[in-house]
Amino acid sequence: MPELPEVEVVRRGLLDHVVGTRLTTVEVLHPRTARRQIGGGVELSARLSGARVTGVDRRGKYLWLVLDSGALLVHLGMSGQMLIKSAGANPHPHLRARAKLDSGNELWFVDQRTFGYWHIGELVDGVPELVTHVAPDLLEPAFSMSKTVARIRAKRSGIKRVLLDQTVVSGIGNIYADEMLWQAQIHGEVLASSLSDEEVTRLLVAGIDVMQRALAQGGTSFDSLYINVNGQSGYFSRSLNAYGQQGKPCPRCGTLMVREQFANRGSHFCPKCQRLR
């Protein structure tokens, strides 16, 4: 699933193409794309058609188009792509929704696995109504280091599991959790409540650094599903220190990296640098 850097890359790409434009007509081509919308695709199309885009914003893994009335929330799911296309472009086999813009371009939502969705609703304190439960992410102005440290230290779960809890801090998935834990030299199974303020702060600072470096490289792409609005892949995968590096020497100490099963996924870490205490 795209994490904060990949979604932010998409948001920045959309800024250049949709802000100030009007959605002239909107087609919802697959029912799952509108599954969170009361009234389904018909309601979504009716409410979006004629709306003007005034901004593009994001929190964690969610992004939304700010409209002159409400907001279009976009969740990319496992494989969602928001693409800018010229009018008349050949349709993609996994095209799920399409908005024609008064600029002459089209905004496509392509989603092979159909886990993503669109939803139009109201903004509550600047975020769409469906995501008011989601905590601020590491890169947004609303992020508070002290409050997030306190929320993390209040949890009696393994620190990696806490990092993946979007109500504690948002935008972090398996890839970037492994990367920031490696950088901070903390084992993912260490209880969050056992970490000091200083250790949690160091971990979050590592997360900010990892996210910013990933953004500079267009995010992390392992296949053609993770692309920006122009169809280009990110290349941060070449700079990963932990995720997917099992069997390779740790970039810091040379010990072979390992992978252990974690919640139907995997955790990648250095057994020397990240000792379980």
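**Arg113 and the annotated positions**

I began with Arg113 in this predicted model, and found that residue in the loop that runs between strand S7 (105-111) and strand S8 (117-121). I then asked whether Arg113 is buried or exposed, and because its relative accessibility comes to 36%, I entered Arg113 as partly exposed.

I looked at Arg113 since UniProt, in an unreviewed entry, lists His94, Arg113 and Lys155 under "binding site". I checked where these positions sit relative to one another: they span 62 residues in sequence and the farthest two C-alpha atoms are 40.4 Å apart, so they do not all gather at one spot.

**Lys155**

I located Lys155 in the loop between helix H3 (145-153) and helix H4, the latter covering residues 159-163. Lys155 has a relative accessible area of 33%, and I therefore noted this lysine as partly exposed. Leaving out residues up to four places away in sequence, I listed what Lys155 touches, namely Val162, Asp165, Val168, Ala192 and Ser193.

**Domains**

I looked up the domain assignment of the chain, which gives domain 1 as residues 2-129 and domain 2 as residues 143-267. The C-alpha centres of domain 1 and domain 2 lie 28 Å apart.

**Nonpolar cores**

Which residues have the most contacts inside the largest nonpolar core? I found that this core has 32 residues, and that Leu138, Ile152, Ile159 and Leu163 are the ones with the most contacts within it. Helices H3, H4, H5 and H6 each supply at least two of the core residues, and H6 gives the most, with eight. I followed Leu163 further and, setting aside its neighbours within four places in sequence, found this leucine in contact with Ile152, Val169, Ile172, Ala177, Met180, Leu181 and Leu203. I also noted a second, separate core of 27 residues, which includes Val26, Leu72, Ala99 and Ile120.

**Helix H5**

I turned next to helix H5, residues 174-184, and recorded that 10 of its 11 residues are buried, so that the helix is mostly covered by the cut-off of under 20% relative accessible area. Among the buried residues of H5 are Ala177, Met180 and Leu181, which are also contacts of Leu163; Asn174, Asp178, Glu179 and Trp182 are buried in H5 as well.

What covers the buried residues of H5? I found that the cover includes helix H1 (4-18), helix H4, helix H6 (197-216), strand S11 (258-262) and strand S12 (265-269). Just after H5, I noted that Gln185 takes a positive phi of about 60°.

Conventions:
Residues are numbered from 1 along each chain as its sequence is written. This is a predicted model: local features need pLDDT of at least 70, side-chain atom pairs count only at pLDDT 80 or more; totals for chains, interfaces and linings use all residues. Side-chain values use heavy atoms; hydrogens and water are left out. Buried means under 20% relative accessible area, exposed over 50%, partly exposed in between (1.4 Å probe, protein chains only). Helices (H or I, at least four residues) and strands (E, at least two) are DSSP runs, numbered from the N terminus. Contact means heavy atoms within 4.5 Å. UniProt positions are given in the numbering used here, feature names are shortened, and annotations may be inferred rather than shown by experiment. Domain bounds come from an automatic or database domain assignment. A nonpolar core is a set of buried Ala, Val, Leu, Ile, Met, Phe, Trp, Tyr and Cys residues joined through side-chain atoms within 4.5 Å.
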